[in-house]
Amino acid sequence: MNTALIPEEIVRIGESLLRFVDQEVAPIEAANKALLSSDRTIFDENGRFTPEVEALKRRVRMKSAEAGFYTMFGPEELGGGGLGPLAAVYLNGLLSTHCGPGRTLVHPVVIPSPFTNGLSPVLTFLDPSLRDQYLPLLGSGDRTLCFGLSEPDAGSDVFAMKTRAVRDGDDWVITGSKQWITNGPYADYAMIFAVTDPDLATKRKGGITGFFVDTKWPGFNVVSTIPIMGQLGAEIGILSFDRLRVPDSHRLGAIDQGLKVAMRGVNTGRLGLSATCIGMARWALVQAVEYAKVRKTFGSVIGDHQAVQILLADSAADIYAAETMLVDCAQKLERGDKALAETSMVKLHCTEAANRVFDRCMQVHGGMGLTNELRLEAGYRFTRSMRIPDGTSEIQRRTIARDLLANGVNF
Ligand SMILES: Cc1cc2nc3c(=O)[nH]c(=O)nc-3n(C[C@H](O)[C@H](O)[C@H](O)COP(=O)(O)OP(=O)(O)OC[C@H]3O[C@@H](n4cnc5c(N)ncnc54)[C@H](O)[C@@H]3O)c2cc1C
């Protein structure tokens with residue numbers, strides 16, 4: 001990414017972030033190479049991270065928190081660093097380009113996803129009386145969090161959710177289930193969204209409320225992990241709630257206004273995720289260019305063949321366009337512009353472009369591109385899967401088109 005567009009202090013943070021990864025995380029990875037090099041040792045027979053891997057992730061999280069990276073994007077009012085969208089774009093991209101895909105202790109451990117771990121912007125809705133109890137534990141990386149919105153029958157269509165919260169005295173009683181929840185099987189705390197007014201929800205006018213719950217409370221169950229795309233285990237999982245009793249003090253924001261709560265920080269989150277994908281794509285292109293300069297077929301290096309040059313050139317064009325969009329959109333958000341359509345364009349383009357780049361870079365490597373050793377396939381799987389969460393590509397297109405039809409071509 002063009003650092004000329006990034007403020008000097010953010011570039012400096014980037015330098016120390018990479019130093020941190022090289023000096024603090026890489027040695028832990030090297031010392032545990034055997035454990036971390038195969039899904040067979042990373043996950044147990046139920047598809048859960050093994051206790052050893054969980055312990056390593058915790059160690060890295062806490063080191064990252066101590067160094068100030070883990071909470072650097074957390075809102076200042078919660079004790080976070082308060083860095084904005086431009087920093088999120090630059091630092092997530094930089095980290096991903098430096099480390100590449102398939103590093104269990106890096107993504108998203110060093111910098112957490114804003115919806116799952118650390119000082120999530122959603123926690124600005126946590127009752128102030130509870131902040132001292134929970135925020136230090138979450139900000140230090142000692143405890144982790146998950147964000148439970150999606151359900152088996154409610155993904156893109158959030159209002160179709162079936163999980164219900166019913167008021168009972170000073171408590172709410174929650175019954176239902178959540179699916180695809182990142183960090184769900186491992187989290188200490190969960191931000192759960194449930195229908196509190198079915199009429200409003202049916203009319204799509206609200207009726208959903210957020211709650212902060214301790215996953216050890218009776219009635220909170222982890223059903224299973226959901227291994228996806230060639231993995232033997234997963235970070236995502238299914239949760240169920242059987243008369244889970246939650247004090248009203250643990251409500252997140254106003255009753256029936258949970259979707260506004262859930263969407264807090266969604267723009268920066270989408271940009272950070274997009275930058276992570278494009279940063280990895282840049283890493284893949286570096287590998288492909290180097291390989292094209294040394295691999296020989298038919299008496300010349302493959303970089304001399306025009307068909308291979310096209311794979312490289314199209315990848316570079318995809319990355320350049322994506323990075324330019326990322327910076328432009330982040331600058332708009334920094335200026336206070338909502339940039340709704342632009343954020344959707346960024347999420348759509350970056351995840352799809354990064355997936356195309358990995359596909360092409362694997363092709364440049366021939367059979368080697370398919371091996372686990374080069375980690376290109378891990379990047380392919382990661383970028384492919386990122387076209388679904390945080391709003392699918394089709395939902396992003398829907399948002400863009402609606403904005404175009406309502407407001408014209410104003411980006
Ligand atoms: C790796 C991963 C991590 C996730 N993490 C979380 C998490 O931490 N917390 C959480 O709450 N959820 C999480 N999700 C869930 C994610 O947000 C949903 O999977 C996503 O919103 C899509 O919902 P769905 O899977 O039910 O697909 P559906 O909504 O059923 O969509 C099926 C298909 O129809 C298309 N479609 C749906 N509606 C429309 C429409 N109106 N116009 C055009 N096309 C449409 C979709 O784009 C898709 O192609 C995660 C998902 C994945 C894969």
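**Figure 1. Domain 1 and domain 3 in this predicted model, with centres 22 Å apart over C-alpha atoms.** The domain assignment divides the protein chain into domain 1 (3–139), domain 2 (145–258) and domain 3 (266–407). In this first view we look at where domain 1 and domain 3 meet: 19 residues of domain 1 are in contact with 22 residues of domain 3. Together the two domains bury about 1,700 Å², and 75% of that area is on carbon and sulfur atoms. On the domain 1 side, look for Pro85, Val89 and Pro101, which supply 35% of the area that domain 1 buries against domain 3, more than any other three residues.

**Figure 2. The ligand between domain 2 and domain 3.** Both domain 2 (145–258) and domain 3 (266–407) give residues to the shell around the ligand, so the ligand lies between them. The shell holds 16 residues, of which Ser150, Ser156, Thr182, Thr392 and Glu394 come nearest. Sorted by class, eight of the shell residues are nonpolar, five are polar and three are charged.

**Figure 3. Contacts to nitrogen atoms of the ligand from Phe147, Ser150 and Thr182.** Phe147 takes part through its backbone, with an N or O atom 2.8 Å from a nitrogen atom of the ligand. Ser150 uses its side chain instead, placing a polar atom 2.7 Å from a ligand nitrogen. Thr182 likewise has a polar side-chain atom 2.7 Å from a nitrogen atom of the ligand. Taken alone, the ligand exposes 970 Å², and the protein buries 65% of that. Two elements, strand S3 (171–182) and helix H13 (393–407), give two or more residues to the shell around the ligand.

**Figure 4. A cis peptide bond from His107 to Pro108.** Here is a spot worth a pause for anyone checking backbone geometry. Most peptide bonds are trans. The bond from His107 to Pro108 is cis, with omega near -10°. To find this place, follow the loop between helix H5 (85–99) and helix H6 (128–139), where Pro108 is found.

**Figure 5. Arg243, a residue with positive phi in strand S7.** Most residues other than glycine have a negative phi. Arg243 is not a glycine, yet its phi is positive, at about 50°. Arg243 can be located within strand S7, which covers residues 236–247.

Definitions and conventions: Residues numbered from 1 in each chain as written. Predicted model: local features only at pLDDT ≥ 70, side-chain atom pairs only at ≥ 80, totals over all residues. Heavy atoms only, no water. Near = heavy atom within 4 Å. Polar contact = N/O pair within 3.5 Å; in protein donor to acceptor, adjacent residues only side chain to side chain. Areas by Shrake-Rupley, 256 points an atom, 1.4 Å probe, with all protein chains shown as cover. Helix = DSSP H or I, 4+ residues; strand = E, 2+ residues; numbered from the N terminus. Nonpolar A, V, L, I, M, F, W, Y, C, P; charged D, E, K, R; others polar. Domains from an automatic or database assignment. Contact = heavy atoms within 4.5 Å. Buried area = accessible area lost by both parts, 1.4 Å probe.
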